[in-house]
Amino acid sequence: MVVAIPELVVLCGMMGCGKTTLDRELERLGYVYIDFDHIYHDCIQENWKNCSGKMVDWVVANLEPGNDYIIDGWFTWHVMWWLDQKDTSIQSLTSSVTHTIRLVLVVISKAETLQRYEAKEAFPERIREFRQTYDARWTNLLSKVGDAFG
């Protein structure tokens, strides 16, 4: 008898790259969607500096052993997240759950990312800031993904 180990899929990528679209497809296949944006915004309103540990703790406390899960986002998202140098949230999670963790980097071109972001964002100053920080965000995201299973 083969017993499938449940999965926790963590989707990461720049804003507008298609993470939510992939979330919906995996949900359709039976994965339980964890709305990290909602959890993050609740957490950030309380105390953003401690958000990472709280989010990992929340996931550990709420995963049910037999379910597959999908998360759209990262554990340390906050204002200026791309300036963080070291992130151990995936390592903490790996040692705390029995689920197989799959980290999926969703990628589209920089031009497409910027176009999608600009189509959704109503505030010109946020568009300007996103354009100015895109490369730093992308570099940090790649570093986080690379460090995740170090």
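A salt bridge here is a side-chain nitrogen of Lys or Arg within 4 Å of a carboxyl oxygen of Asp or Glu. Keep that in mind for the tour: the whole structure has seven of them.

Before you click, note that this is a predicted model, where local features need pLDDT of at least 70, side-chain atom pairs count only at pLDDT 80 or more, and totals for chains, interfaces and linings use all residues. Residues are numbered from 1 along each chain as its sequence is written, and side-chain values use heavy atoms, with hydrogens and water left out.

Start with the cartoon. You'll see six helices and four strands (DSSP runs numbered from the N terminus: helices H or I, at least four residues; strands E, at least two).

Now select Glu 7 and Arg 102. Their closest N and O atoms sit 2.5 Å apart in a salt bridge, which ties strand E1 (residues 7-12) to strand E4 (residues 100-105), 95 residues along the chain. Glu 7 is buried at 14% relative accessibility, while Arg 102 is partly exposed at 42% (buried is under 20% relative accessible area, exposed over 50%, partly exposed in between; 1.4 Å probe, protein chains only).

Next, pick helix H5, residues 110-120, and show Thr 113, Leu 114 and Tyr 117, which are buried. Look down the axis: the buried residues fall within an arc of 95 degrees, so they line one face (the arc uses directions from the helix axis to the C-beta atoms). Swing round to the face turned away for exposed Ala 111, Gln 115 and Ala 119.

Last stop: Glu 129 and Arg 137, bridged at 3.0 Å between closest N and O atoms. Here Arg 137 is the buried partner, at 6%, and Glu 129 is partly exposed at 27%.
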